[in-house]
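Let's take a walk through this chain together. Have the sequence and the 3D view open side by side, and follow along as we go.

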Amino acid sequence: MAAQFVLSYPFRIDLENNRFATVNSTTDTYKAEQVQGFLRTEKGERTMFPTFGIEDPVFNFFDAGEFLDAFNEYYTNIKIDEIDIVETSGKVTDVMVSFL
């Protein structure tokens, strides 16, 4: 895959260069931003891509299998290695995703 620069997520301004912040699409930073964006998007939020994202874990149980299936539908170039779910008092407090 040829390297290309894409807008960084979350969207921000690169004040040093006075332009939109970008990231190289072949780096781990890019992959981490894509995973983060996917996890922060609720299913149905993007009208053109209604299956993009996950069910809101605040109101629903976080399902790692559902996350993997949906994520792999959109990102074939990012391989998820491991998902750790941290629960405190029976509630999901953190989801940590490792990728290759």
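Start with asparagine 18, which counts as exposed because its relative accessibility is 67%, and the cut-off for that label is over 50%. Keep in mind that you're looking at a predicted model. To find asparagine 18, go to the loop between strand 2 and strand 3 (19-20). Its backbone deserves a look too: asparagine 18 isn't a glycine, yet its phi is positive, at about 55°. Most residues other than glycine have a negative phi, and most peptide bonds are trans.

That brings us to another backbone spot. The peptide bond running from tyrosine 9 to proline 10 is cis, and its omega is near 0°. Proline 10 sits in a loop as well, this one connecting strand 1 (5-7) with strand 2 (13-14).

Now zoom out to the whole chain. You can pick out six strands and two helices. Reading from the N terminus, the order is β-β-β-β-α-α-β-β, so by the DSSP numbering from the N terminus the second α in that string is helix 2.

Helix 2 covers residues 64-74, and its buried residues are Phe67, Ala70 and Phe71. Why do these three end up on the same side of helix 2? Because the arc they cover around the axis is only 100°. Turn to the other side of helix 2 and you'll meet Asp69 and Glu73, both exposed.

What caps the N-terminal end of helix 2? That's aspartate 63. One of its side-chain oxygens lies 3.0 Å from the backbone nitrogen of glycine 65.

Finally, some numbers for the chain as a whole. The C-alpha trace spans about 45 × 30 × 30 Å along its principal axes. Of the 100 residues, 26% are buried, where buried means under 20% relative accessible area. The chain exposes about 6,900 Å², with carbon and sulfur atoms supplying 52% of that. If you take the contacts between residues at least 6 apart in sequence, 28% of them join residues at least 24 apart. As for charge, the chain has 8 positive and 17 negative charges, and the mean positions of these two groups are 6 Å apart.

Technical notes:
Residues numbered from 1 in each chain as written. Predicted model: local features only at pLDDT ≥ 70, side-chain atom pairs only at ≥ 80, totals over all residues. Heavy atoms only, no water. Helix = DSSP H or I, 4+ residues; strand = E, 2+ residues; numbered from the N terminus. Buried < 20%, exposed > 50% of the residue type's maximum accessible area, 1.4 Å probe, protein only. Contact = heavy atoms within 4.5 Å. Areas by Shrake-Rupley, 256 points an atom, 1.4 Å probe, with all protein chains shown as cover. Lys, Arg positive; Asp, Glu negative; His and termini not counted. Charge placed at Lys NZ, Arg CZ, Asp CG, Glu CD. Arc of directions from axis to C-beta. Polar contact = N/O pair within 3.5 Å; in protein donor to acceptor, adjacent residues only side chain to side chain.
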